[in-house]
Amino acid sequence: MSGSSHGNNGHGHTVAAWTGVVIAFIGFCVAGAFIVMAKPVGFWAGMAVVALGGVVGMIMRSMGYGQAPQAPVRMRTES
């Protein structure tokens, strides 16, 4: 939500996030095509590419291409 009071958290718009999602999407498409062709080996290869997308995203985040961790927002109490 763009108008929320939680600040601008970026919503994952980073090179690491997009790279991981694109790789996982390609793996999903490969797995889907092989399911239609009834080829289990190809399906599992596509699922391995999906998992690879998550691993690549985490590696890139650790290399500094992801969003920096933010400190938790403390709520003020009215007294």
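What covers the buried residues of H1? The cover includes H2, and the paragraphs below work through how that looks from each helix in turn. A quick note first: this is a predicted model, in which local features need pLDDT of at least 70, side-chain atom pairs count only at pLDDT 80 or more, and totals for chains, interfaces and linings use all residues. Residues are numbered from 1 along each chain as its sequence is written, and side-chain values use heavy atoms, with hydrogens and water left out.

The overall plan is easy to state: the chain has 2 helices and 0 strands. Helices (H or I, at least four residues) and strands (E, at least two) are DSSP runs, numbered from the N terminus. Of the 79 residues, 14% count as buried; here buried means under 20% relative accessible area, exposed means over 50%, and partly exposed is in between, with a 1.4 Å probe and protein chains only. The accessible surface of the chain is about 6,500 Å², and 70% of that belongs to carbon and sulfur atoms. Such areas come from the Shrake-Rupley method with a 1.4 Å probe, and for residues only the protein chains shown count as cover. Among contacts with a separation of 6 or more, 64% are between residues 24 or more positions apart, a contact being heavy atoms within 4.5 Å.

Just before the first helix comes Thr14, which sits in the segment before H1. Thr14 is buried, at 16% relative accessible area. Its side chain reaches the backbone nitrogen of Ala17 at 3.1 Å. Setting aside neighbours within four places in sequence, Thr14 touches Tyr65, Gly66 and Gln67.

H1 itself has 22 residues, which at 1.5 Å a residue should span 32 Å, and its end C-alpha atoms are 32 Å apart, in agreement. The expected span is 1.5 Å times one less than the number of residues. Ala16, Gly20, Gly27 and Ala31 are the buried residues here. Seen down the axis of H1, they fall within an arc of 40 degrees, so they line one face of the helix; the arc is that of the directions from the helix axis to the C-beta atoms. On the other side of H1, Phe25 and Val36 are exposed. Ala33 also belongs to H1 and is partly exposed, with a relative accessible area of 36%.

After H1 comes Ala38, in the loop between helix H1 (15-36) and helix H2 (40-65). Its phi is near 55 degrees, a positive value in a residue other than glycine. Ala38 counts as exposed, at 60% relative accessibility.

The 26 residues of H2 should span 38 Å at 1.5 Å a residue, and the end C-alpha atoms are 35 Å apart, which agrees. In H2, the buried set is Gly42, Phe43, Gly46, Gly53, Gly57 and Met60, and these buried residues pack against H1. Two C-alpha distances link residues on either side of the loop. Ala33 and Phe43 are 10 residues apart along the chain, with their C-alpha atoms separated by 7.8 Å. Ser62 and Ala16 are 46 residues apart in sequence and 9.2 Å apart in space, C-alpha to C-alpha. Ser62, for its part, lies in H2 and counts as exposed, at 63% relative accessibility.

Phe43 turns up again in the aromatic tally. Rings of Phe, Tyr and Trp (its six-membered ring) pair if their centres lie within 6.5 Å, with planes under 30 degrees apart counted as stacked, over 60 as edge-to-face and the rest as tilted. By this rule there is 1 aromatic pair. The ring centres of Phe43 and Trp44 are 4.8 Å apart and the planes stand at 75 degrees, so the pair is edge-to-face. Trp44 counts as exposed, at 58% relative accessibility, whereas Phe43 is among the buried residues of H2.

Terms used. Polar contact = N/O pair within 3.5 Å; in protein donor to acceptor, adjacent residues only side chain to side chain.
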